[in-house]
Amino acid sequence: MSDFDLDNYISNTKDFPKKGILFKDISPLLLNHHAMTKVIDIFATKALDLDVDLIAGIESRGFLFSTLLASRLGIGSLMIRKPGKLPGDLIEKSYSLEYGQSKLSIQKSKNIANKKVIIIDDLIATGGSLACAESLINKAKAKVIGCFVLIELLELNGSNLIDSNIFSIKKY
Ligand code: AMP
């Protein structure tokens with residue numbers, strides 16, 4: 001896979017889930033073991049440069065990559081979840097969507113404070129989800145040392161909302 005191009009494993013669907021959105025679908029990537037391994041190789045190489053302690057995945061497509069990467073690196077992973085999914089004491093934060101509001105949460109844990117964290121999602125569009133996730137990690141007194149995504153949609157300037165560096169495998 002020396003000539004790996006992520007684009008070969010992403011399909012595009014116009015007007016999904018609503019009119020005007022070009023949906024970038026990672027399903028073909030998930031079907032291909034070699035391509036998935038390559039993606040985790042790329043993320044792991046970058047993560048090793050950063051001296052990371054914990055990988056945080058954003059529900060739900062972030063989870064597909066966060067646990068694989070954490071396992072490869074031999075470290076733990078953290079779930080950043082949508083409302084109503086996590087039990088116990090939570091740290092929560094709302095953020096704006098194109099229409100309305102959403103919320104993300106993490107569980108309070110003494111095993112998060114002071115950790116160096118990489119946050120993962122499949123894609124950054126407006127940056128709202130990753131910015132919210134960054135803020136949750138900060139509230140947990142840990143430090144975000146980078147945000148990893150497979151795909152960055154440049155025209156939406158999502159990186160402007162993110163404090164840490166974004167590492168994306170493919171930019172459109
Ligand atoms: P945002 O918070 O605007 O950066 O949106 C990021 C989240 O929405 C990610 O979890 C993506 O999975 C999803 N998303 C946004 N736009 C797209 C798109 N064009 N194709 C696929 N997923 C998208």
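**Close-up views of a predicted model**

**View 1. Helix α3 and its buried residues.** In helix α3, which spans residues 63–73, the buried residues are F63, F65, S66, L69, A70 and L73. They sit on the same side of α3, because they cover an arc of only 165° around the axis. This is a predicted model, so keep that in mind for every view here. What lies over those buried residues? The cover includes α1 (27–30) and α2, along with the strands β3, β4, β7 and β8. Right after α3 comes G74, and its phi is positive, near 75°.

**View 2. The open parallel sheet.** Here we look at five strands that form an open sheet, with parallel pairing. Read across it and the order is β4-β3-β7-β8-β9. Which strands are at the edges? They are β4 (76–80) and β9 (166–171), and each of them pairs on one side only. Going from one strand to the next, the twist averages 20°. As a reminder, strands of a sheet pair through backbone hydrogen bonds, either parallel or antiparallel.

**View 3. Zooming in on β7 and β8, with helices packed on the sheet.** Strand β7 (residues 116–124) and strand β8 (residues 143–152) run parallel, joined by eight bridges. One pair to look for is K116, which stands opposite K143 in β8. Now find helix α2, residues 33–50: it lies across β7, β8 and β9, and it runs at about 155° to β8. Helix α4 (residues 128–139) packs on the sheet too, where it touches β3 (54–58), β4, β7 and β8. The direction of α4 makes about 160° with that of β8.

**View 4. The β5–β6 hairpin.** Unlike the parallel sheet, this view shows an antiparallel pair: β5 (residues 90–96) and β6 (residues 101–107), joined by seven bridges. Within the pair, K93 stands opposite L104 in β6. How many residues lie between the two strands of the hairpin? There are four, and in the turn you'll find G100 with a positive phi of about 90°.

**View 5. D51 and what it touches.** Look for D51 in the loop between α2 and β3. Is D51 buried, exposed or partly exposed? It counts as partly exposed, because its relative accessibility is 49%. Leaving aside residues up to four places away in sequence, D51 touches K116 and I145. With K116 there is also a polar contact: the two side chains are joined at 3.2 Å. That is the K116 that stands opposite K143 in β8. For a sense of scale, D51 and L97 are 46 residues apart along the chain, and their C-alpha atoms are separated by 33 Å.

**View 6. Two cysteines without a bond.** There are zero disulfides in this structure. C132, for instance, is in none, and the nearest cysteine sulfur, that of C147, is 12 Å away. Why is there no bond for C147? The closest cysteine sulfur is the one in C132, and the 12 Å between them is too far for a bond; a disulfide needs the two sulfur atoms within 2.5 Å. Both side chains are hidden from the outside in the sense used here: C132 is buried, with a relative accessible area of 2%, and C147 counts as buried at 0% relative accessibility.

Conventions. Residues are numbered from 1 along each chain as its sequence is written. This is a predicted model: local features need pLDDT of at least 70, side-chain atom pairs count only at pLDDT 80 or more; totals for chains, interfaces and linings use all residues. Side-chain values use heavy atoms; hydrogens and water are left out. Buried means under 20% relative accessible area, exposed over 50%, partly exposed in between (1.4 Å probe, protein chains only). Two strands pair if DSSP finds at least two bridges between them. Axes are lines fitted to C-alpha atoms, for helices over the stretch in contact, and angles run from 0 to 180 degrees between N-to-C directions. Contact means heavy atoms within 4.5 Å. The arc is that of the directions from the helix axis to the C-beta atoms. A polar contact is a pair of N or O atoms within 3.5 Å; within protein, one must be able to donate a hydrogen and the other to accept it, and residues adjacent in sequence count only if both atoms are side-chain atoms.
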